[in-house]
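Please walk me through this structure in the viewer, one selection at a time. I would like to know what to pick next and what is found there.

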Amino acid sequence: MSELDGLLADVSAGRTPAPEEALRLADTADLASLMRAAAQRRDSAHGEAVSYSRKVFIPLTQLCRDVCHYCTFAQAPREDAPAYLSRAAVLKIARAGRAAGCKEALFTLGDKPELRYRAAREALDRLGHATTLSYLAEVARLVFEETGLLPHVNPGVLDAADLAALRKVSISQGAMLESASPRLCERGGPHFGSPDKDPAVRLATIRMAGEQRVPFTTGILIGIGETRRERIEALLALRDLHETHGHIQEIIVQNFRPKPGTRMAEVAPPSIEEHLWTIAVARLIFPAVMNIQAPPNLNPGALNKLVEAGINDWGGVSPVTPDHVNPEAPWPHLRVLERATRAAGKQLVDRLAIYPSYARASRDWVDPALRTALLQRIDADGWPRTDDWSPGTNGALPPDAQHLARPAVASGSIAPIVERAAAGRTLAEGDIVHLFQARRDEFAAVCTAADALRRETCGEVVSYVVTRNINYTNICSFKCQFCAFSKGKMSENLRGRPYNLSLDEVAARAQEAWERGATEVCMQGGIHPDFSGKTYLDICRAVRAAVPGMHVHAFSPLEVHHGAATLGLPVGEFLVRLKEAGLGTLPGTAAEVLDDEVRAVLCPDKINTARWLDVMRAAHTAGFKTTATIMYGHVDGYVHWARHLLRLRNLQAETGGFTEFVPLPFVHMEAPIYLKGRARRGPTFREAVLMHAVARLALNPLIPNVQTSWVKMGPEGVKVCLRAGANDLGGTLMEETITRAAGAVHGQEMMPMMMEDIIRAIGRVPRQRNTLYRDVTAERYRTSFMPAAGERRA
């Protein structure tokens with residue numbers, strides 16, 4: 001193996017080359033080997049996705065103090081043209097973009113023209129501003145507030161104060177480095193006479209952007225007189241800054257195109273091979289997760305080659321405005337771009353101006369003035385939401401439901417993960433994240449595989465349980481930021497009055513439930529400041545005394561922890577007392593997401609992940625069966641979901657105590673954390689369905705039952721989930737208050753007949769079960785279909 005082959009093998013496998021190794025690539029003529037290594041490195045981090053941003057291009061001013069010898073964007077002042085777009089003109093362009101489905105408003109402009117042109121200073125004075133950047137900040141805010149488009153600004157060289165001011169009104173910023181060679185600024189070079197193209201000055205701007213925590217776009221322009229070594233030196237300079245600050249969200253590799261009327265009109269453009277070489281080298285120099293972009297309109301006949309060289313992004317593409325920097329090169333139609341991307345073996349994915357990894361970490365990278373708007377636009381992976389659906393809402397299912405209309409076979413990188421899951425092997429965290437990232441055909445393939453595993457495990461039967469929810473108090477001393485149920489002076493002040501049911505009322509409701517055919521009461525409530533462990537024992541005893549045959553399914557790990565602590569007992573001993581008092585099983589609620597990074601934001605005063613797992617371990621050791629839940633779609637991400645599933649799997653392998661896994665998508669409408677602008681509006685429909693499918697795969701064969709919630713998903717949504725790995729429809733509930741308090745519209749009860757209608761509608765066989773998944777007696781089944789007492793009296 002040659003030295004080059006060894007280097008490429010190491011780099012394609014994930015190692016980042018040292019500077020001296022990267023510089024040796026300048027002498028590499030083996031383009032095919034470079035491209036293969038680059039594509040492999042790209043695929044390891046980005047998989048099948050090639051992204052783009054649907055943008056509208058707003059040229060705020062074409063005046064510029066620089067005189068780059070290849071540029072036609074910069075213009076001298078003209079009497080027949082305004083120096084700056086007016087506010088009305090900016091809004092007109094932005095509104096046209098919004099109407100065409102754009103999400104990004106790209107502001108491009110010349111560099112500080114007021115320092116060169118009196119016309120610019122006078123125009124700014126009439127606009128009420130002293131500088132171009134001040135006016136830019138105003139109109140960027142205006143566009144955001146009036147249209148909802150997220151601004152991305154490319155204003156050139158900035159100081160720290162400029163960057164900070166623009167961070168408040170833009171979701172991301174950018175400035176091309178173009179080249180790190182001072183030689184190009186010398187007389188006869190393309191940047192001679194352009195003070196803002198001094199590499200040291202531009203690198204200083206990019207460095208300060210990192211210090212200001214600004215998601216930043218930059219890159220190089222090739223074919224303007226630089227050497228290959230100088231390109232690599234520019235890329236290494238950018239890599240150094242990114243390694244220090246982590247702020248460079250993409251590297252653009254743009255090819256020079258000669259334009260009539262410029263000093264470089266007769267200069268030959270770089271060959272396609274030279275462009276491909278540079279893309280491949282950029283991919284190899286940067287970490288695999290870096291986004292490498294090439295504009296599709298500058299090499300329209302070689303789109304598949306650009307993908308093969310290692311790009312994973314096409315940049316901004318506008319259905320409304322031209323590329324004002326390269327007006328001779330029209331944007332490809334999005335359908336053309338999608339076909340070309342698919343022909344290269346990839347899927348075209350829409351993104352925002354801010355890349356997903358920065359969107360996911362918006363608390364660090366986005367100003368509070370923009371953060372809420374961003375959260376409302378993204379899914380848990382930081383990509384744009386593709387539907388308006390949210391859990392608990394009423395309405396038609398989104399288009400993602402149509403992807404499950406026909407079975408799909410897993411292929412590519414998804415296939416081996418699905419095979420390992422079907423064989424019962426424990427998946428790696430990254431594997432589970434990859435399954436959650438499935439879209440379109442891959443989404444259908446994951447759901448098809450999960451449904452096949454469901455069929456193998458559970459057959460064609462769909463079970464449900466006749467139960468009554470009894471939430472005995474909504475007064476709670478905890479301040480969980482997702483909860484719209486708890487009331488009282490010690491919690492968020494939300495709709496509804498505080499209440500605390502008496503033991504007689506709890507017993508009466510249990511008796512009513514038995515008379516209606518229930519086999520279970522599910523009892524949970526707030527952590528009332530006056531409650532002790534004795535309270536929970538008394539509740540169990542009251543139900544057992546009133547209805548000896550009723551199964552008591554009650555008390556989350558948080559309530560068990562609280563009860564034990566107030567009595568000064570070890571959790572295990574308190575659980576024994578609960579069993580003696582009549583407790584049958586425990587619900588696996590209060591889990592939310594079993595990752596302390598999430599819990600620190602969502603429920604900081606609640607028990608942590610380790611404690612939740614410890615209480616469940618103790619419950620299983622004491623002989624209790626429990627359920628397991630996840631409440632997801634708020635401030636969490638796919639990696640947190642993966643950790644949650646793996647932690648449940650590990651505990652189940654140890655104890656075998658979980659009967660089922662219950663996904664509970666976040667219902668946002670009345671949740672405090674959403675109303676404060678600090679959470680997403682629940683999972684997307686794709687994510688909600690995938691949670692059932694991925695759970696079926698990731699928990700196989702240890703947890704055999706996956707439940708879908710009709711309260712959260714709605715009657716039509718649960719049908720989709722039952723085709724994607726779920727086998728249980730949960731409880732009839734009789735009264736449901738927690739999800740309703742959060743704003744859900746799907747009712748407080750679903751009668752057994754309705755349950756069975758849903759099940760039969762998808763060709764499955766209904767089975768009424770008890771809490772432990774055994775068949776109910778014939779008497780219980782008949783009673784559950786009888787009219788309620790009030791209906792009989794009527």
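## Stop 1: helix H17

Select H17 and colour its buried residues: Asp431, Ile432, Val433, His434, Leu435 and Phe436. The model is a predicted one. Helix H17 spans residues 429-436, and it is mostly covered, with six of its eight residues buried. To see what covers these residues, add helix H16 (414-422), helix H18 (441-458), helix H25 (638-655) and H27; the buried residues of H17 pack against these helices.

## Stop 2: H17 against H27

Keep H17 and H27 on screen and hide the rest. Two packed helices are described by the angle between their axes and the distance between the axes. Here the angle is about 145° and the axes are 9 Å apart. The crossing of H17 past H27 is right-handed.

Now show side chains. On the H17 side, select Ile432, Leu435 and Phe436; on the H27 side, select Arg686, Leu690, Met691, Val694, Leu697 and Ala698, which they meet. Sorted by class, this contact holds eight nonpolar residues, no polar ones and one charged one.

## Stop 3: the largest nonpolar core

In soluble globular proteins, nonpolar side chains tend to be buried together. Which residues of the largest nonpolar core touch the most other members? Select Met523, Phe555, Leu578, Trp612 and Phe661, out of the 129 residues in this core. Helix H27 (residues 685-698) contributes the largest share, 10 residues.

Centre the view on Trp612. Beyond its neighbours within four places in sequence, Trp612 is in contact with Pro557, Gly588, Thr589, Ala590, Ala591, Leu594, Ile607, Leu648 and Phe658. A second core, separate from this one, has 92 residues; Val90, Cys102, Val153 and Ile292 are among them.

## Stop 4: a three-stranded sheet

Select E17, E10 and E18. They form an open sheet of three strands in the order E17-E10-E18, and the pairing is parallel. At the edges are strand E17 (728-731) and strand E18 (765-769), each of which pairs on one side only. From one strand to the next, the twist averages 20°.

Zoom in on the E10 and E17 pair. Strand E10 covers residues 461-465 and is joined to E17, parallel to it, by two bridges. For one point of reference, pick Val465, whose bridge partner in E17 is Gly731. Then add helix H28 (residues 710-722), which lies across E10 and E17 and runs at about 160° to E17.

## Stop 5: backbone exceptions

Most residues other than glycine have a negative phi, and most peptide bonds are trans. The next three selections depart from that pattern.

- Select Asn700 and Pro701: the peptide bond from Asn700 to Pro701 is cis, with omega near -5°. Pro701 sits in the loop between H27 and H28.
- Select Lys112: its phi is positive, about 40°, although Lys112 is not a glycine. Look for Lys112 in the loop between strand E2 (104-109) and helix H5 (118-127). Is Lys112 buried or exposed? Lys112 is buried, because its relative accessible area is 18% and the cut-off for buried is under 20%.
- Select Glu592: its phi is also positive, about 50°, and Glu592 is not a glycine. Glu592 is in the loop between strand E14 (583-586) and helix H23 (596-602). Glu592 counts as buried because its relative accessibility is 6%.

## Stop 6: Ala22 and a distant partner

Move to helix H2 (residues 19-24), which contains Ala22. Ala22 has a relative accessible area of 0%, so it is buried. What does Ala22 touch, not counting residues up to four places away in sequence? The answer is Pro17, Ile232, Leu236 and Ile285. Draw a distance between the C-alpha atoms of Ala22 and Ile285: these atoms are separated by 6.4 Å, while the two residues are 263 residues apart along the chain.

## Stop 7: strand E5

Finish with strand E5 (residues 216-222), which is mostly covered: seven of its seven residues are buried. Add strand E4 (residues 172-174), which pairs with E5 in the parallel sense over two bridges. To locate the pairing, select Gln173 and its bridge partner in E5, Phe216.

Definitions and conventions:
Residues are numbered from 1 along each chain as its sequence is written. This is a predicted model: local features need pLDDT of at least 70, side-chain atom pairs count only at pLDDT 80 or more; totals for chains, interfaces and linings use all residues. Side-chain values use heavy atoms; hydrogens and water are left out. A nonpolar core is a set of buried Ala, Val, Leu, Ile, Met, Phe, Trp, Tyr and Cys residues joined through side-chain atoms within 4.5 Å. Buried means under 20% relative accessible area, exposed over 50%, partly exposed in between (1.4 Å probe, protein chains only). Helices (H or I, at least four residues) and strands (E, at least two) are DSSP runs, numbered from the N terminus. Contact means heavy atoms within 4.5 Å. Two strands pair if DSSP finds at least two bridges between them. Axes are lines fitted to C-alpha atoms, for helices over the stretch in contact, and angles run from 0 to 180 degrees between N-to-C directions. A crossing is left-handed if the near helix is turned anticlockwise from the far one by less than a right angle, and right-handed if clockwise. Ala, Val, Leu, Ile, Met, Phe, Trp, Tyr, Cys and Pro count as nonpolar, Asp, Glu, Lys and Arg as charged, and the others, Gly among them, as polar.
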